[in-house]
Amino acid sequence: MSKVIHKWFWAWDFEKEEKWLNTMSENGMKLCKVGLCRYTFEKCKAGDYLYKLEMLDNDVTTDKSKEYIEFLEDTGVEYIGNVLKWIYLRKNTSDGEFELFSNIDSQIAHLIRIMKLLFIVLCAEVLIGLDDSITFITNIATQNIELINMFGLLFLFLYILLGIGIYKIGTKIKDLKNKRVLQE
Amino acid sequence: MGKSNENIVLTEAVYYILLSLYEPLHGYGIMQNIEHLSNGRVKLAAGTLYGAISTLLDKNWIEALKEEKGSRKKEYVITATGKEAVKIEISRLKELLLNGEKITGGSCDE
């Protein structure tokens, strides 16, 4: 019997998402299917699986991505599904620790991939909404309350949100680079 | 080739991957071999390995072997350029080891 949970995670909070999936597993629920904001779970033995997420460079339908997923499966990793370029993976807890990246360089490379996506989205939002945002700000500044532009407000909110996300990932990258001064 | 190669410091993962490919081997085999060579100390993760293989192929330090019919496990093997890089790395490691033992007055068996 399956249970569907609707939940939203920001791209920069993928580690939070992994923690949540691992907690669900500890509580006897394993992720079987994933869609946009949609997680389908089934009962399992408590703590059976560990979960990891990775954002791929290319669409999951490309040869390169398929090759990578097959490679992961050869190492005992199960591929659950994808949401856009994010792949959801799980491994038996009995196999030991589950990591996709064992050195700092590859972790940084993954975070940079995510950062690039956030920048692209931010640029798109700026292109679409800059006009409205400026109108909104000028209206507030000149106290033209009747002309409040809701789109402007929305886009401003999105800029700030993405700014926060980019900052969070940037901080993680900086911390890893500092760590790399001492070790691989 | 030439002087520029002598200042390259390989990462531990790349060094062990190259050593693992003196005979043809596929991805998972490389991971297991490295864990064996290092007595369990180095556990190369799949994502890291895949990225390293990509880079090594680009640099032509390893090459992919033609896949056997029906087998989806791609095998890789080290190239002459790759072997050169390993040689240089080993002399670098020897230098590090000699200096370390000289200065600390110890031997690597302690």
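This briefing covers the cores, helices, single residues and salt bridges of a two-chain structure. The model is predicted. Its largest nonpolar core has 37 residues. Both chains contribute elements to this core. A search over all chains finds 11 salt bridges.

**Nonpolar cores**

- In the largest core, the residues that touch the most other members are L72(A), I87(A), I17(B), L18(B) and L49(B).
- Chain A gives two or more residues to this core from each of α2 (63-74) and β6 (86-92).
- On the chain B side, the elements that do so are α1 (12-20), α2 (27-37), α3 (46-58), β3 (75-78) and α4 (80-104).
- Another core, of 36 residues, lies apart from it. Among its members are V34(A), L53(A), Y159(A) and I173(A).
- In soluble globular proteins, nonpolar side chains tend to be buried together.
- What does I17(B) touch, not counting residues up to four places away in sequence? Its contacts are I30(B), I34(B), L44(B), L49(B), A52(B) and L56(B).

**Helices of chain B**

- The buried residues of α2(B) are G27(B), G29(B), I30(B), M31(B) and I34(B).
- The cover over these buried residues includes α2 of chain A. It also includes α1, β1 (25-26) and α3 of chain B.
- N39(B) comes just after α2(B) and takes a positive phi of about 55°.
- Helix α4(B) has 25 residues, which should span 36 Å at 1.5 Å a residue. Its end C-alpha atoms are 36 Å apart, so the two values agree.
- The buried residues of α4(B) are G82(B), A85(B), V86(B), I88(B) and E89(B). They pack against α1 and β3 of chain B.
- G105(B) follows α4(B), with a positive phi near 70°.

**A chain B residue touching chain A**

- T48(B) sits in helix α3 of chain B.
- Is T48(B) buried or exposed? T48(B) counts as buried because its relative accessibility is 5%, and the cut-off for buried is under 20%.
- Leaving out residues up to four places away in sequence, T48(B) touches L100(A), F101(A), S102(A), N103(A) and S106(A).

**Helices α3 and α4 of chain A**

- S133(A) is in helix α3 (residues 104-141) of chain A. Its relative accessible area is 2%, so S133(A) is buried.
- S133(A) touches G152(A), F155(A), L156(A) and Y159(A), with residues up to four places away in sequence not counted.
- L176(A) belongs to helix α4 (residues 150-180) of chain A. L176(A) is buried, with a relative accessible area of 12%.
- Beyond its neighbours within four places in sequence, L176(A) is in contact with I104(A), Q107(A), I108(A) and L111(A).
- L176(A) and L154(A) are 22 residues apart along the chain, and their C-alpha atoms are separated by 33 Å.

**Nonpolar surface patch**

- W8(A), W10(A) and L36(A) make a nonpolar surface patch of about 350 Å².
- W8(A) lies in the loop between β1 (2-6) and α1 (14-26) of chain A. Its relative accessible area is 48%, so W8(A) is partly exposed.

**Salt bridges**

- R113(A) and E54(A) meet through their side chains, at 3.3 Å from N to O. R113(A) is in helix α3 and E54(A) in strand β4 (residues 49-55) of chain A, so the pair ties together parts that are 59 residues apart in sequence.
- R113(A) is buried at 18% relative accessible area, and E54(A) counts as buried at 3%.
- E78(A) forms a salt bridge with R90(A), the closest N and O atoms being 3.0 Å apart. This pair links strand β5 (residues 78-83) to strand β6 of chain A, across 12 residues.
- E78(A) is partly exposed at 30% relative accessible area, whereas R90(A) counts as buried at 10%.
- K87(B) and E84(B) form a salt bridge at 3.2 Å, N to O. Both lie in helix α4 of chain B, 3 residues apart, about one turn of the helix.
- An α-helix has 3.6 residues a turn, so residues three or four places apart point the same way.
- K87(B) is exposed at 55% relative accessible area, and E84(B) counts as partly exposed at 25%.
- Salt bridges that share partners join E18(A), K52(A) and E99(A) into one network.

Conventions
Residues are numbered from 1 along each chain as its sequence is written. Chains are lettered from A and ligands numbered from 1 in the order in which they are written. This is a predicted model: local features need pLDDT of at least 70, side-chain atom pairs count only at pLDDT 80 or more; totals for chains, interfaces and linings use all residues. Side-chain values use heavy atoms; hydrogens and water are left out. A nonpolar core is a set of buried Ala, Val, Leu, Ile, Met, Phe, Trp, Tyr and Cys residues joined through side-chain atoms within 4.5 Å. Buried means under 20% relative accessible area, exposed over 50%, partly exposed in between (1.4 Å probe, protein chains only). Helices (H or I, at least four residues) and strands (E, at least two) are DSSP runs, numbered from the N terminus. Contact means heavy atoms within 4.5 Å. The expected span of a helix is 1.5 Å times one less than its number of residues. Patches are made of residues with over 30% relative accessible area and no salt bridge: like charges are joined within 9 Å, nonpolar side chains (Val, Leu, Ile, Met, Phe, Trp, Tyr) within 5 Å. Accessible areas come from the Shrake-Rupley method with a 1.4 Å probe; for residues, only the protein chains shown count as cover. A salt bridge is a side-chain nitrogen of Lys or Arg within 4 Å of a carboxyl oxygen of Asp or Glu.
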